[in-house]
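Reader: I should like a close look at a single part of this model, followed by its setting in the chain as a whole. Please treat the surroundings of that part in one connected account.

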Amino acid sequence: MNKQAQLLRPEIEAKIDALLSQMTLLEKAGQLTQLGPTMLEGVGVDSFLDDPEAMQKVKLDYHEDWIREGVVGSYLGVQGAEKINRLQKIAVEETRLGIPLIFGLDVIHGYRTMFPIPLAEACSWEPDLARRTAEVAAREASAAGLHWTFAPMVDIARDARWGRIAEGAGEDTFLGSAFAAARVQGFQGDDLADPQHVAACAKHYIAYGAAVAGRDYNTVEMAVQTLHDVYLPPFASAADAGAATFMSAFNDLNGVPTSANRYTLTDILRGKLGFNGFVVSDWNSIGELVPHGHAADRKDAGKKALLAGVDMDMVTESYRHDIPELVEAGVIPMSVVDEAVRRVLRVKFLLGLFDRPFRSDAETESAALLRPAHLDLAREAARRSIVLLKNVGGLLPLKQAARKIAVIGPLADSPFDMLGSWSFTGSRRDVVSILGGIQSATEAEVLYARGCDIDDKLPADFAQAIEAASQAEVVIVVVGESAKMSGEAASRMNLGLPGHQEDLLKALKAMGKPLVVVLSNGRPLSIPWIAENADAILETWQLGVQAGPAVADVLFGAYNPGGKLVTSFPYAVGQCPIYYNRTSTGRPATEFWFTSKYIDGPVAPLYPFGFGLSYTTFEYADLEVRKAAGRVTVSATVKNTGAVAGEEVAQLYVGDVVGSRVRPIKELKGFQKLLLAPGESRKLTFELKVADLGFHNVDMQYVVEPGLFKVWVGTNSAEGLAGEFWLDEADVQ
Ligand code: NOJ
């Protein structure tokens with residue numbers, strides 16, 4: 001039975017019927033209302049971002065009287081088992097029907113044990129790793145009293161300017177779908193009632209990542225076929241994995257805001273995907289239907305959102321104020337309200353909240369956080385997230401023989417920035433910085449200089465950095481973005497290193513010492529100078545609490561990096577959006593003047609999707625393509641041709657050469673990560689189902705069209721052994 005169908009249980013539905021029959025209209029509206037505590041006095045947003053523990057210091061109003069009145073169904077942003085239990089007690093003991101509250105929070109890549117940001121973790125190409133980190137995040141979050149996380153974010157992101165690219169699995173639909181399912185499985189486990197797990201929330205439904213020009217919250221225009229073929233599958237995968245909730249988004253889609261879009265919320269989500277959980281709006285996205293120009297006022301916004309299929313109102317407070325009036329005036333049928341309440345109560349029942357409203361207590365909470373096994377997993381996840389982009393002459397791993405190593409740069413000793421943009425449940429004090437990791441891993445003398453700030457406006461004085469580098473045999477420079485430069489509302493129009501970091505690198509390069517650049521950032525950067533001039537480059541993203549040990553493991557060879565990029569790195573920002581699975585034009589770029597290219601730079605990205613090096617080398621051979629009984633089997637041999645063991649992500653791409661709608665040049669259709677000893681080779685086999693080679697045609701039917709298909713098996717999206725196969729009419733029936 002599919003996992004959405006499993007959310008429907010006759011005994012639970014009967015209990016919901018019984019409750020619904022006793023509820024007043026106001027109590028029903030209350031179940032559809034999610035509140036956040038209001039900050040009474042405390043910190044401004046900036047200090048909150050700078051100090052992950054600021055949340056503990058603020059004075060908050062939790063609106064306890066509203067719980068007593070039965071007009072609150074859920075909270076977001078309440079932290080700690082004690083506070084959660086206090087509010088829950090009011091709901092179950094002091095309200096007329098004793099319906100428990102559901103508490104949600106953004107537990108995106110860890111609760112207290114912060115793991116690598118999701119974009120980084122996807123570079124492992126190991127969905128099971130993401131399942132494991134999500135499971136630990138769920139364990140810590142539920143020990144802190146929570147029932148629900150607003151994760152995973154499964155938005156496809158093809159534009160590096162969009163800061164929220166950090167929160168997802170990158171640009172690819174196939175890989176993104178695999179990570180979506182794994183993360184849902186990790187958060188939810190096999191049974192939502194298991195108090196070690198939490199309900200997941202697939203977000204932001206839908207197409208939020210396609211904001212025009214990468215500007216957050218901006219308009220989205222796309223063909224409905226692209227919606228179904230590229231942006232929907234990760235959501236479908238999350239639904240298939242049993243995701244209990246979805247979050248509607250801020251953006252409009254072809255003119256209709258996604259928080260009031262009946263086509264996407266009801267026709268597709270409930271109809272096509274068979275979703276049986278509930279949909280929560282994004283933060284005030286119902287209220288924002290007014291500035292969007294889609295609703296006249298708050299009441300109109302609430303009406304449109306509820307009728308479209310948004311079940312729970314996150315903080316707008318339209319539902320609790322406006323639904324009773326709208327129903328009494330006959331504008332909204334009671335059946336629509338009942339259906340939304342049913343969905344919310346269903347998830348509460350499935351979570352076991354009626355039997356066990358208090359999931360944890362303060363003691364259980366503190367014992368569950370930052371356990372040694374969690375930190376071990378954080379280190380493992382972090383090193384598996386690292387991508388080696390360049391390594392001239394085998395400079396890495398560093399030879400332990402070096403006596404003096406210079407570690408320079410504004411991100412070398414910057415614990416807070418290792419936590420990424422969703423860090424408010426973490427603490428900088430838990431982080432081992434990159435400098436700290438290097439110091440513990442080597443006997444060499446480590447000479448540290450900050451060099452400059454991340455985003456200095458005025459030219460910095462590099463004297464100390466130059467002095468440190470002049471004494472060292474090798475220079476490691478840690479540069480990139482601060483944690484605040486990616487994530488929500490952090491779009492950038494420049495994708496180079498901020499401030500004077502590149503000048504710092506140029507000054508160090510001029511010294512002629514071996515130069516290792518360690519990048520820490522939340523999005524792909526355009527870094528052609530570094531690509532050309534550094535001797536080695538490690539993309540380390542924002543790796544969480546174990547950033548330092550993980551980077552040191554890779555720098556000194558305790559771990560041979562095997563990560564591969566999940567987003568294309570643009571050569572220049574003017575290439576954005578840039579992604580490997582683009583459709584072909586009638587004038588593919590050639591030397592000829594009138595072709596699809598730029599007059600001042602390349603068409604190709606700086607680093608393609610799927611790219612990543614290793615301390616060893618791999619060779620691909622013996623591509624075979626066979627077709628039989630509705631399946632295409634593609635096999636190839638991969639050999640480790642270097643001197644050390646290493647992991648390789650072998651990637652399978654397929655291109656449908658002629659289509660009734662123009663098809664992507666190639667699309668990822670399979671991948672396998674394998675560990676090979678030096679000299680070892682292994683035959684890999686990929687099974688493709690013909691039914692998976694289709695797309696939505698002009699009439700919006702999903703079709704597999706007969707004809708020629710190309711296949712590639714290789715080390716990234718731009719290189720690989722090429723073959724082909726032909727599908728006849730009979731194959732596609
Ligand atoms: C807004 C963000 O878009 C969403 O991802 C998050 O879950 C909510 N705020 C709640 O914090």
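Author: N533 lies in helix α21, which spans residues 528-533. In this predicted model, N533 has a relative accessible area of 19%. The residue counts as buried because the limit for that class is under 20%. Leaving aside its neighbours within four places in sequence, N533 is in contact with K390, K509 and L515. A178 offers a contrasting reference point: N533 and A178 are 355 residues apart along the chain, and their C-alpha atoms are separated by 36 Å.

One of the partners of N533, L515, leads to a neighbouring element. The strand β17 covers residues 515-520, and the buried residues of helix α18 pack against this strand. Helix α18 runs over residues 434-441, and its buried residues are I434, L435, G436, G437 and I438. Besides β17, these residues pack against the strands β14 (404-408), β15 (445-449) and β16 (474-480), and against helix α22 (547-555).

A buried residue can also sit in a loop, and E171 is an example: E171 lies between β6 and α9. With 1% relative accessibility, E171 counts as buried. Beyond four places in sequence, E171 touches I156, A157 and R158, together with V566, T567, S568, I578, Y579, Y580 and F609. The loop between β6 (148-149) and α9 (173-188) also holds P152. A cis peptide bond joins A151 to P152, with omega at about 5°.

From E171 one may pass to helix α10. E171 and H228 are 57 residues apart in sequence, and their C-alpha atoms are 15 Å apart in space. H228 is one of the buried residues of α10, along with Q225, L227, V230 and Y231. The buried residues of α10 pack against α9, α11 (233-240), β9, α12 and β24 (695-696).

The loop between β7 (201-205) and α10 (224-231) contains I206. The peptide bond between Y205 and I206 is cis, with omega at about 10°. Both Y205 and I206 are touched by T258. T258 lies in the loop between β10 (256-257) and α12 (262-272), and is buried, with a relative accessible area of 0%. Not counting residues up to four places away in sequence, T258 also touches S248, A249, F250, N251, D252, L253 and L265. R270 is twelve residues from T258 along the chain, and the two C-alpha atoms are separated by 15 Å.

Another loop residue in this region is N254, placed between β9 (252-253) and β10. At 38% relative accessibility, N254 counts as partly exposed. The phi angle of N254 is near 50°, a positive value in a residue other than glycine. A positive phi is also found at E317, where the angle is near 65°. E317 lies in the loop between β12 (313-314) and α14 (318-328). As background to these backbone features, most residues other than glycine have a negative phi, and most peptide bonds are trans.

Helix α6 provides a further example of buried packing. The 14 residues of α6 (81-94) reach 19 Å from the first C-alpha to the last, close to the 20 Å expected at 1.5 Å a residue. Buried in α6 are A81, I84, N85, L87, Q88, I90 and A91. Those buried residues pack against α5 (64-69), β4 (74-76), β5 (102-105), α8 (127-143) and α16 (362-368).

These parts belong to a protein chain with 22 helices and 27 strands. For its 733 residues, a compact globule would have a radius of gyration near 27 Å, and the 26 Å of the protein chain agrees with this. Along the principal axes, the C-alpha atoms fill a box of roughly 75 × 65 × 45 Å. Buried residues make up 62% of the 733 residues. Of the contacts with a separation of 6 or more, 77% are between residues 24 or more positions apart.

As for the surface, the protein chain exposes about 26,700 Å², of which carbon and sulfur atoms supply 52%. The protein chain carries 70 positive and 92 negative side chains, and the centres of these two sets lie 2 Å apart.

Definitions and conventions. Residues numbered from 1 in each chain as written. Predicted model: local features only at pLDDT ≥ 70, side-chain atom pairs only at ≥ 80, totals over all residues. Heavy atoms only, no water. Helix = DSSP H or I, 4+ residues; strand = E, 2+ residues; numbered from the N terminus. Rg over C-alpha atoms; globule rule 2.2 N^0.38 Å. Buried < 20%, exposed > 50% of the residue type's maximum accessible area, 1.4 Å probe, protein only. Contact = heavy atoms within 4.5 Å. Areas by Shrake-Rupley, 256 points an atom, 1.4 Å probe, with all protein chains shown as cover. Lys, Arg positive; Asp, Glu negative; His and termini not counted. Charge placed at Lys NZ, Arg CZ, Asp CG, Glu CD. Expected span 1.5 Å × (residues − 1).
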